[in-house]
Amino acid sequence: MKAVVCTVYGPPEVLQLKEVEKPTPKDNEVLIRVRATSVNFGDTMARNFKAITPRKFSMPFLFWLLTRVSLGLRKPKIAILGNEFAGEIEAVGKKAERFKKGDRVFGYRGQSFGAYAEYLCMPENGVLATKPANMTYEEIAVVPYGAIMALNLLRKVNVQPGQRVLVNGASGGIGSAVVQIAKHLGAEVTGVCGTPRLEFVKSLGADKVIDYTKEDFTQNGETYDLIFDILGKSSFSQCQSSLKPNGTLLFASFKMKQLFQMLRTSRTGAKKVVCALAPGSVEDLISVKELVETGKIKSIIDRRYPLAEAAEAHRYVEMGHKKGNVVITVGHDDK
Ligand SMILES: NC(=O)c1ccc[n+]([C@@H]2O[C@H](COP(=O)([O-])OP(=O)(O)OC[C@H]3O[C@@H](n4cnc5c(N)ncnc54)[C@H](OP(=O)(O)O)[C@@H]3O)[C@@H](O)[C@H]2O)c1
């Protein structure tokens, strides 16, 4: 089968289209004919992880070390990237019962990756579900990563209707899903992003948008029940006066300092810091499917690239110009 392979860390050019062995499902696995996958934060990070020092990494040193070991110290252990996908079941293992040949599915692979290929094997009880009928393979392939993270992290802070939520990093993979899900929960949402993506964030349903290159949201006198900082660009000291008396500052990216602040504020003070991880589960994926089916989450595709142009797709994402998602379409010679 054809796959895009990454055998050394480096710039987008390290991604090479190659002929590799087609995988065979184990007893508990399914074989998926991949139709579409994407380029997100996880793919670009894993491709170039050697260049990411502990300082540049947006999590504590221990997380960096574990990631470095799991991705590979000198060269990538996992040659095929792509952590979200959509496709159809081509074959099932002897003991796999959840899916049958021909089922249309979508899913999330996390740091197992593997979707930049014509075929992919995964355990049937992995983060995999049947595809919502109201989206195409391309549309749904770009949804799982951001939506699973957003849903899982928002559950930790229990957003209520009418609350004021600010999303710092609203145009990214996670932030764009946070905006949509927080609106669905009845919150009044302000999205913070760079100038080129203001319209995109508005189109997701944000009530207000703030351009971080022109305005500092911590200085405008507005207060929020929840400030959700995706990249960890703000700090508790900066955000204190922008939080309502019982407000929460939620970090999806954090260092030890924020973990200590979480510990301290959990015991004292009404304003809280919360640092959280979202591992991603099949239950989350099924909730995402329901949100898609009821029109609460939309899929906005900026560009499409064929598998052979995965390197070009990574280059485009890294230039920082994308407005929405970048899809990699996986064609098959027989269709
Ligand atoms: N907690 C968890 O379980 C978990 C899981 C996965 C990932 N993460 C973390 O999430 C982050 C990646 O999120 P993502 O996939 O959404 O990233 P992404 O798609 O690269 O989006 C990044 C967002 O941050 C914005 N941004 C860039 N510079 C900014 C600044 N100075 N001030 C405010 N916003 C700024 C970008 O805005 P513009 O593009 O408009 O400039 C964009 O909206 C990583 O740090 C990763 O470690 C956490």
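This is a short tour of a predicted protein model with a bound ligand.

**Before you start.** Residue numbers begin at 1 along each chain as its sequence is written. In this predicted model, local features need pLDDT of at least 70 and side-chain atom pairs count only at pLDDT 80 or more, while totals for chains, interfaces and linings use all residues, and side-chain values use heavy atoms, with hydrogens and water left out.

**Stop 1: the whole protein.** Show the protein as a cartoon. Its secondary structure comes to 10 helices and 15 strands; these are DSSP runs numbered from the N terminus, with helices being H or I of at least four residues and strands E of at least two. Along its principal axes, the C-alpha trace spans about 60 × 45 × 35 Å.

**Stop 2: the ligand's neighbours.** Now select the ligand and the 24 residues around it. A residue belongs here if one of its heavy atoms lies within 4 Å of the ligand. Which of them come nearest? They are Tyr145, Ser171, Tyr212, Ser253 and Ala278. Next, colour α4 (144–155) and α5 (173–184): each supplies at least two residues of this shell. The shell divides into 14 nonpolar, eight polar and two charged residues. Here Ala, Val, Leu, Ile, Met, Phe, Trp, Tyr, Cys and Pro count as nonpolar, Asp, Glu, Lys and Arg as charged, and the others, Gly among them, as polar.

**Stop 3: oxygen atoms of the ligand.** Zoom in on three residues in turn:

- Ser171: a polar side-chain atom lies 2.7 Å from a ligand oxygen.
- Ser253: an N or O atom in the side chain is 2.7 Å from an oxygen of the ligand.
- Ile174: here a backbone N or O atom lies 2.9 Å from a ligand oxygen.

On its own the ligand has 950 Å² of accessible area (Shrake-Rupley method, 1.4 Å probe), and the protein covers 82% of that.

**Stop 4: a cavity.** Finally, select Tyr9, Ala46, Leu71, Pro76, Lys77, Ile78 and Leu81, which line the largest cavity. A cavity is a set of points on a 1 Å grid over the protein atoms alone where a 1.4 Å probe fits but cannot get out, and lining residues have an atom within 4 Å of a point. The lining has six nonpolar residues, no polar ones and one charged.

Conventions: A polar contact is a pair of N or O atoms within 3.5 Å; within protein, one must be able to donate a hydrogen and the other to accept it, and residues adjacent in sequence count only if both atoms are side-chain atoms. On a 1 Å grid over the protein atoms alone, a cavity is a set of points where a 1.4 Å probe fits but cannot get out, and a pocket is an open set with protein on both sides within 12 Å along at least five of seven lines; lining residues have an atom within 4 Å of a point.
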